[in-house]
Amino acid sequence: MKAIRVHQFGGPEVLKLEEVPTPKPDAGQVVVRVHAAGVNPYDTYMRAGTYAIKPPLPYTPGSDAGGVIESIGPGAKQVKPGDRVYVAKTVSGAYAEYALALESQVHPLPAKASFAQGAGVWVPYGTAYHALFQATSAHAGETLLVHGASGGVGIAAVQFARASGLTVFGTAGSEKGLELAKREGAHQVFNHSLAGYQEQILKATDGRGVDVILEMLANVNLGNDLKLLAIRGRVIIIGSRGDVTITPRDLMVRRASASGVMLWKITEDEEKEIHAGIIAGLENGTLRPVVGKELPLAEASRAHKEVLEPGAFGKIALLP
Ligand code: NAP
């Protein structure tokens, strides 16, 4: 089969399309025919060798995919060949024609979701659910700011929050991204590339502040985020690419908090709850992954460049 392989950590050019043996499932494993693989920012950090998790070389990147069960190993009971699934982590990597996964790493993909949408499920929706409902208990009636609402995690958070009765504010850096956030459920949108947008957000709350902020770029925004919080407000840090200065008194006067999430650190019980929440939302149509770009698998290095560029519009999917 064809797969993307990384033999040394480095820039996007280290992603090579190669011919490798098609995997065979062992006990408790399945092989998925990958129809689309999701590209996440962390794939690029891992490829660069700067991520907390450094896989042994060579490796095939990717944890997210949409596809069909090709074969099952001895003892696998939850799925059968032909089942449509979304993949949440793999044994062998998702940027490939076939991916080996544990039976527990595949989940039903409802018919109304395309395979490319299935490739945009796990990391974005898993992170959004975990941040909103497990890291904090965001609930109906609260006001949420999704700081970075045009990308994978942001759109997922907007959809979850809107369906759960929160008042949702979203930010993006392009007109296209702002329109997308609004279309997917944000009540109001703000352009984070324009000076003064933070004052507009405060004004939209009549000066009260927002209850919860999901932060996609904390190294840029955390200091200002604390000034946008209501009393007992919470900032949940999802993304950060550097250091930042904050004024601790902004937290003190609001009895507020800032905390972080890491999807790879969730417990088994949390993971089960997340999948139940995702599958229900995919079935009832409140969760609709947005695929902004589909590229052939061979163009993985282009995808790794573009996923880090401004002007996000949903997910990038690689098609083997
Ligand atoms: P993505 O699809 O590439 O989207 C990036 C988002 O960040 C876009 O909405 C982008 O908006 C926004 N952004 C850019 N500049 C910003 C600014 N100055 N202020 C606020 N937002 C800004 O990435 P993603 O998959 O949604 O992931 C978002 C971040 O979370 C990444 O850094 C990723 O590594 C991280 N993440 C962490 C976890 C975890 O477990 N902690 C899990 C998943 C993702 P425009 O392009 O419209 O400007």
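Start by selecting Tyr42, Tyr45, Tyr51 and Trp264: ring pairs link these four into a cluster. Keep in mind as you go that this is a predicted model. Leave Tyr45 highlighted, since this member of the cluster is also among the residues closest to the ligand.

**The ligand**

Now bring up the ligand and what lies around it. How many residues surround the ligand? There are 27. The closest are Tyr45, Ser150, His192, Leu263 and Ala312, so colour those five if you want a quick frame for the site.

Next, turn on distances for the ligand's oxygen atoms. Show the side chain of Ser150 and you'll find one of its N or O atoms 2.7 Å from an oxygen atom of the ligand. For the next two stops, switch to the backbone. A polar backbone atom of Gly152 is 2.9 Å from a ligand oxygen, and at Leu263 a backbone N or O atom lies 2.8 Å from an oxygen atom of the ligand. Then put a surface on the ligand: taken alone it exposes 920 Å², and the protein buries 88% of that.

**Aromatic pairs**

Back to rings. Searching the whole structure turns up nine aromatic pairs. Select Tyr125 and Phe160, whose rings sit edge-to-face, 6.0 Å centre to centre with 65 degrees between the planes. Which parts of the chain does this pair link? Tyr125 belongs to helix α3 (residues 122-135) and Phe160 to helix α4 (residues 152-163), so the pair joins distant parts of the chain, 35 residues apart. Are these two residues buried or exposed? Tyr125 counts as buried because its relative accessibility is 3%, and Phe160 is buried too, with a relative accessible area of 6%.

Stay on helix α3 and pick Tyr129 and Phe133, another edge-to-face pair, at 5.0 Å centre to centre and 70 degrees between the planes. Both lie in that helix, four residues apart, which is about one turn. Check the accessibility of each: Tyr129 is buried at 11%, whereas Phe133, at 23%, counts as partly exposed. The line between them falls at 20%, so Phe133 ends up on the other side of it from Tyr129.

**Charges over rings**

Two last selections. Show Arg84 with Phe115: Arg84 lies over the face of the ring, 4.6 Å from the ring centre. Then go to Lys176 and Phe313, where the charged end of the lysine sits over the ring, 4.5 Å from its centre.

Note on methods:
Residues are numbered from 1 along each chain as its sequence is written. This is a predicted model: local features need pLDDT of at least 70, side-chain atom pairs count only at pLDDT 80 or more; totals for chains, interfaces and linings use all residues. Side-chain values use heavy atoms; hydrogens and water are left out. Rings of Phe, Tyr and Trp (its six-membered ring) pair if their centres lie within 6.5 Å; planes under 30 degrees apart count as stacked, over 60 as edge-to-face and the rest as tilted. Helices (H or I, at least four residues) and strands (E, at least two) are DSSP runs, numbered from the N terminus. Buried means under 20% relative accessible area, exposed over 50%, partly exposed in between (1.4 Å probe, protein chains only). A charge sits over a ring if NZ of Lys or CZ of Arg is within 6 Å of the ring centre and within 35 degrees of the ring normal. A residue is near a molecule or strand if one of its heavy atoms lies within 4 Å of it. A polar contact is a pair of N or O atoms within 3.5 Å; within protein, one must be able to donate a hydrogen and the other to accept it, and residues adjacent in sequence count only if both atoms are side-chain atoms. Accessible areas come from the Shrake-Rupley method with a 1.4 Å probe; for residues, only the protein chains shown count as cover.
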